[in-house]
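Me: I have a model open and would like to go through its strands, helices and cores. Could you take my questions one at a time?

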Amino acid sequence: MNTIKQPVKPAVERAPSYYAASLNFESDYPTLQGSVTVDVTIIGGGFTGIATAVELAERGLKVAVVETHKIGWGASGRNGGQVTGSLSGDEAMRKQMRNTLGEEVDDFIWHLRWRGHEIIKNRVARYGIACDLKHGHLHTAMKASHMDELKATYDEALRRGMAADVSLLDAAGVRAQLGSELYCGALKNTRNMHLHPLNLCLGEARAAESLGALIFEHSEVLDIVHGPRPAVVTTGGRIEAKQVLLAGDVYHKLERRKLKGMIFPAMGGIVTTAPLGELAQEINPQDLAVYDCRFVLDYYRLTGDGRLLFGGGANYSGRDSRDIAGELRPCIERTFPQLKGVQIDFQWSCAMGIVMNRIPQLGKLSSNVWYCQGYSGHGVATTHIMGEIMAKAITGDLEQFDTFAACKHIKVPLGDQLGNPMLAAGMWYYQMLEKLR
């Protein structure tokens, strides 16, 4: 396994996460001062904004990215680090997109499942980004009814030519992969990946900068000025451009008149243990990422230096937990009893942008101001897919953008005030259904 070369010390101005303590390098981009003119201004320095910036810069456009905090400060630098072929809202996509795509809708969605993997792998190789990228994932069943879902996914993968990538495991097969008695089966997928997301985001930002992109940190956007040449305005400066992309997901409050009530925060908690030494090999000898089939699931993997990184228990109220480690320790010890009493070195929260129908929201606020948001807990791969789609749209290829933009979304009155209770009620409903399965 890889090891962290520098002492573990939380980075300033970031969540107190394992990721912040194990950076390859810290970002140090200037604050926007004065006036700048570019082709495209991107608001938001997470995966959506940075991935789109790389795509546009590779196409020869002059790009500026403005970020309120630091690059990767939000969910992009705090998530579970799993790159899987799961799309939140795929069934809703299928229903809505059938009107646009007809019989091609299934092929379109299947291609989307894996496009993010290709983009990330190619980008990591092209720009030499060190982010602990590894292959291997288990989607685990906790009861017999979950196996029906996994079997359907397995059968489709075989039909699609993925026989070399997937295998369906029974309980004994899972025990050969994990030191846990919790599961009755699993779908193993070696195309899926896991990685250090903050190092990936910072590496991609450096790649964008190498292609001529301008990046500004500590530069909160106060206003978007619409017009023939839209501009973004911060306390210290102004950027004029031909086009603007709003890519702040659930963290911004811009354009509330049009976007309020469309996306809502759900808080996820993650912890990382102390290095496990030989126990790491005992509990996860194949170094796989794992998540289970439940509606509110647990997910985990090993870090590069042999810690267990474990997350779960999404809180749909939009409020942070007061004791993430206290909430997740019983889940860890239920999954791996041999880790009872293990030291937890890091705990942090991650705000995920949840969309009611779980379909990513792509659209336009005016003729030259775009937005892209809402990955509902599946952001690492999906942001990179959407970054490519947005770059295509901004440079004139609207086919995939129009497919998403045509989807209808629920706009909840009163925004978070009503939306988060609705999400919490929905979570309770699906949890009750799950217990009856």
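The exchange below concerns a predicted model.

Me: Let us start with the sheet. In what order do the strands of the open sheet run?
Reply: The order is β8-β3-β2-β12-β19-β18, six strands with mixed pairing.

Me: And which strands stand at the edges?
Reply: Those are β8 (214-216) and β18 (361-366); each has a single partner strand, so one side of each lacks a neighbour in the sheet. From one strand to the next, the twist averages 20 degrees.

Me: How do β2 and β12 run relative to each other, parallel or antiparallel?
Reply: Strand β2 (residues 40-43) and strand β12 (residues 243-246) run parallel, joined by four bridges. Within that pairing, Ile43 has Leu246 of β12 as its bridge partner.

Me: Which helix packs on this sheet?
Reply: Helix α11 (residues 379-394) does, touching β2, β12, β18 and β19 (369-373). The direction of α11 makes about 165 degrees with that of β19.

Me: Now the cores. Which residues touch the most other members of the largest nonpolar core?
Reply: Ile42 and Phe404 do, in a core of 64 residues. Helix α11 gives the most to this core, with nine residues.

Me: What is Ile42 in contact with, sequence neighbours within four places aside?
Reply: Its contacts include Gly49, Thr52, Ala53, Leu56, Val63, Leu245 and Ala247. There is also a second, separate core of 25 residues, with Ile283, Leu302, Leu328 and Ile332 among them.

Me: Change of topic: β13. Why is strand β13 described as largely enclosed?
Reply: Ten of the ten residues of β13 (residues 264-273) are buried, so the rest of the structure largely encloses this strand. Phe264, Ala266, Gly268, Ile270 and Thr272 point one way, and Pro265, Met267, Gly269, Val271 and Thr273 point the other way. In a regular strand, side chains alternate between the two faces of the sheet.

Me: How many bridges join β13 to β17?
Reply: Ten bridges join β13 to β17 (residues 344-354), and the two strands run antiparallel. Pro265 stands opposite Gly353 in β17.

Me: Finally, α7. How many of its residues are buried?
Reply: Eleven of the 14 residues of α7 are buried, so to speak of the helix as mostly covered is justified. The buried residues pack against α1 (18-21), α2 (47-58), α4 (105-127), β8, β15 (298-302) and α11.

Me: What span should α7 have?
Reply: At 1.5 Å a residue, the 14 residues of α7 (residues 197-210) should span 20 Å, and the end C-alpha atoms are 20 Å apart, which agrees. Just after α7, Gly212 takes a positive phi of about 105 degrees.

How values were computed. Residues numbered from 1 in each chain as written. Predicted model: local features only at pLDDT ≥ 70, side-chain atom pairs only at ≥ 80, totals over all residues. Heavy atoms only, no water. Buried < 20%, exposed > 50% of the residue type's maximum accessible area, 1.4 Å probe, protein only. Pairing = 2+ DSSP bridges. Axes fitted to C-alpha atoms, helices over the stretch in contact; angles between N-to-C directions. Contact = heavy atoms within 4.5 Å. Expected span 1.5 Å × (residues − 1). Core = buried A, V, L, I, M, F, W, Y, C linked by side-chain atoms within 4.5 Å.
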